[in-house]
Amino acid sequence: MHTPPPLSYSAICAMMGSPVPEGAPHIMVAGITTLEEASEHHASFVARAKFAPKAAESRAGVILVPPHSKLDRPGVVEVKDIWGGVLTLLEYFHPVPTSTGRIHPTAVIAESAQLAGGVEVGPYAVIGERVRIETGAIIGAHCCIGDDCAIGEGTRLYPRVTLYHGVAVGKRVIIHSGAVIGSDGFKYEAARMKLCKIPQVGNVVIDDEVEIGANTAIDRASFTTTRIGAGTKIDNLVQVGHNVQLGRGCLVVAQVGIGGSAKIGNGVILAGQVGVKDNVTIGDGVRVGAQSGITDDLPARTDWLGSPAIPAKDRARVIAIEKRLPEVWKKLGPMLDEPGGKG
Amino acid sequence: MHTPPPLSYSAICAMMGSPVPEGAPHIMVAGITTLEEASEHHASFVARAKFAPKAAESRAGVILVPPHSKLDRPGVVEVKDIWGGVLTLLEYFHPVPTSTGRIHPTAVIAESAQLAGGVEVGPYAVIGERVRIETGAIIGAHCCIGDDCAIGEGTRLYPRVTLYHGVAVGKRVIIHSGAVIGSDGFKYEAARMKLCKIPQVGNVVIDDEVEIGANTAIDRASFTTTRIGAGTKIDNLVQVGHNVQLGRGCLVVAQVGIGGSAKIGNGVILAGQVGVKDNVTIGDGVRVGAQSGITDDLPARTDWLGSPAIPAKDRARVIAIEKRLPEVWKKLGPMLDEPGGKG
Amino acid sequence: MHTPPPLSYSAICAMMGSPVPEGAPHIMVAGITTLEEASEHHASFVARAKFAPKAAESRAGVILVPPHSKLDRPGVVEVKDIWGGVLTLLEYFHPVPTSTGRIHPTAVIAESAQLAGGVEVGPYAVIGERVRIETGAIIGAHCCIGDDCAIGEGTRLYPRVTLYHGVAVGKRVIIHSGAVIGSDGFKYEAARMKLCKIPQVGNVVIDDEVEIGANTAIDRASFTTTRIGAGTKIDNLVQVGHNVQLGRGCLVVAQVGIGGSAKIGNGVILAGQVGVKDNVTIGDGVRVGAQSGITDDLPARTDWLGSPAIPAKDRARVIAIEKRLPEVWKKLGPMLDEPGGKG
């Protein structure tokens, strides 16, 4: 583990493109952490206004703050793009590992596979026939890459990822441990006098800069392509059914389940444990609250909540009323000749 | 990849047992896909009447349709068992891989394990003591098979499946990547003045022709057997607790959770994200809607919906009323001397 | 498989600290199982009063019962700590495997890793730089242990567990197959004119005697530590977000999802499929019913149910009223000039 040298307050100001104030204090920091955890040897940051009081109490040596912050203490650095500033410090103190270019001797790689220069392959990885892997990709230990897969430049598979055959993964994609991409869709039909499995002969395409969480499963299409759009981020333990078309720049939180053939637009947010029925179409920019169940098509730029989901504002009112049902019931019951009070 | 030769319209008619119409067009197709995706070099099919309009617009060279379909265009083939016909074409164009009979030299196989002839074992698979594997089985790369397991004829384990010790898997079973069968049930009891883990000393039996999805977990029984009945299909990311008795021919959709010791009949359908409480008994042919929670025994051939589940018809009415609660509340509030309108 | 010799009724009385009654029958048992499954060669037990009728019908040779049980048949042994007694017999007939101390020659172990004597490492395990593993630990086949991890005395990792770098696991912890510990938290922020991944540079600490289920995912902290308190038991397919602080002695049932930065007290019970919103604080001893959604802080020693959760007693009343909504609606509709009966 190479530890990067500490940074001075002035150096940080320079990295952030902020003027170094006169009489700048001589402060050195060796890492970045939260306001609570920080010692005088750490940088920290105020990501939202509500954290400003914590900043006043923090022992952090350097604090990145948004412009016009009224924080008056040594070590403050005003940064317009606050998360951009945090990223800059994170990248300095915790550089993202890049490919070592080493192929571990225990990796089992088919002769017909084509690995570009600069690809790293971990111990015991198994790479199938005609697989193509572009430069800078990292294939973790124990990954199983099926025949005819393609993996783009700079993509990283953590240990123990499975790609079934014919899965195409774009550039700078991150796939976490235990994820399974390209398993069979869940499709059985009455045929030949019994329930028969319908072979799933499509594939999966993962576009550039997607991230896929630990133990997530994405099924291959029945005939065509299950597609995850560029820049979409999928959390852990998510289920994506066959033929799903998931748009660009979506956020899909942990344990969401997306039914087969659902079409989901760009910039959609599905909160944790949401379920989307098969064949549903969801418009761009839709936001769905946690644990909701989507059973019908949703127009673009709308918010939904509940199982089954209704517009989020209506659901908030239903929830408020629902909580008061017992007391209303007491008054209402007698009016209806009902034993309401005992309900 | 061996590509099967194209099929003529007449050949397909013959395969389907349909008469070749006079003046049959000379059409050749090289694959099968959906009506939308098909080019003139593809076969396609009308699985449900509602897709008939798409068939009229499809460019597919050959289209399988149900009898008495009014579709009037070249290349139509009437097939009584439509999915049977689709299967026939899928099997022709995409033959299911069978065992190569090769044992990869890196597989670690206990001396006491007995593998029949014609078993395929992938790279880095680990097979424990006294395991028996029948002919035609395929054990994918990186599978871990515990001591005393049995795997039936023609069963396929995709890469990275774990069977704990003592798991018995029937014939023609398919288990997808990441599935874990035979892990300990979740059982802790107050003993010896603290909360103690109760060792789980039972096993798991998977009957013939079961399919188990990616990253699904099935726990071993406390003392006896967790059983998955013949022909039951389990989707991805499903949890099956210890001692569960799951009947024959059930469909268990993704992310369902079945609590310990639940007894589920034959032909039961549990839609996505359903939860079943431990110790519940569910009768044959019960159907449970997505995201429902089953807290009580359910009689055979009934439909349920919601959390907690009530009969599906009643739930439909509750949902309809619930949506209107805010407007009703506005009228009702004043009658009850309640500030209803602000609820 | 070494089979322990059978036990006599008198020997079991002695193991339980119970006096051997005069004229004790000569009974030998070779295992322990449920009342229904037991033959005369098995011991069994009455764990709860409601199972007493089953005990009368059971063929079990020996039955452990609580004090003052009125069960009158041969082979009864009164035991004050009933589960303690069951554990004693389980430990006799099914001794928990301990480390063989063997390092499989195929394991890939970094030179800088430090393994104490008596550590078992299975085939194809991969152990990173500077990892420390204490005596008696068992690292299953195909486990991937990242750099700088620590694993305590007597801890067992079943096959196919992933620890990302920097994960610290305590003593006598059990982690089941497919679990992923230390994956990146789900954190993206607007920065540099687009949505950027915020690198997750914290770690995970798993305290002593925790159990973690199959295919569960626990994310590393953004900056600090995701912590699972001592003695906490986590079931299969659970999601634990970044920065979560989970207390001591909690029970987290299958498919629960815990949002990032949630703080959960000691002795909390989260039933199956519960969702906890990010940043929520839950007090000690809270119990949350299955499928509930926790959106706000919860005070200690309270019970909650529903999505969104309300106090469990109130929810029970809401559920009871909700079921009757259709009939109430019929009466209420006309009063409000609503077409209620058709709702």
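Two strands are taken as paired if DSSP finds at least two bridges between them, and with that in mind the tour of this predicted model can start in chain B.

Select strand 19 of chain B together with strand 24 of chain B, residues 217–219, and you will find two strands that run parallel and are joined by three bridges. Within this pairing, B:Asp219 of strand 24 is the bridge partner of B:Ser183. Now add strand 16 of chain B, residues 162–163, which runs parallel to strand 19 of chain B, residues 180–183, and is joined to that strand by two bridges; here B:Ile181 of strand 19 stands opposite B:Leu163.

Next, hide chain B and show chains A and C, where 56 residues of chain A are in contact with 66 residues of chain C. Between them these two chains bury about 5,000 Å², of which 63% lies on carbon and sulfur atoms. On the chain C side, select C:Phe186, C:Arg192 and C:Phe223, the residues that lose the most area to chain A and that together make up 15% of what that side buries.

For the polar part of this interface, display C:Glu189 and A:Arg48, whose side chains meet in a salt bridge at 3.7 Å, N to O; five salt bridges are found across the interface of chain C and chain A, and 29 residue pairs are in polar contact there, both residues being at pLDDT 80 or more.

Finally, colour helix 4 of chain C, which gives 13 residues, the largest share, to the side that touches chain A. By class, that side of chain C has 32 nonpolar, 17 polar and 17 charged residues.

Note on methods. Residues numbered from 1 in each chain as written. Chains lettered and ligands numbered in written order. Predicted model: local features only at pLDDT ≥ 70, side-chain atom pairs only at ≥ 80, totals over all residues. Heavy atoms only, no water. Helix = DSSP H or I, 4+ residues; strand = E, 2+ residues; numbered from the N terminus. Contact = heavy atoms within 4.5 Å. Buried area = accessible area lost by both parts, 1.4 Å probe. Salt bridge = Lys/Arg side-chain N within 4 Å of Asp/Glu carboxyl O. Polar contact = N/O pair within 3.5 Å; in protein donor to acceptor, adjacent residues only side chain to side chain. Nonpolar A, V, L, I, M, F, W, Y, C, P; charged D, E, K, R; others polar.
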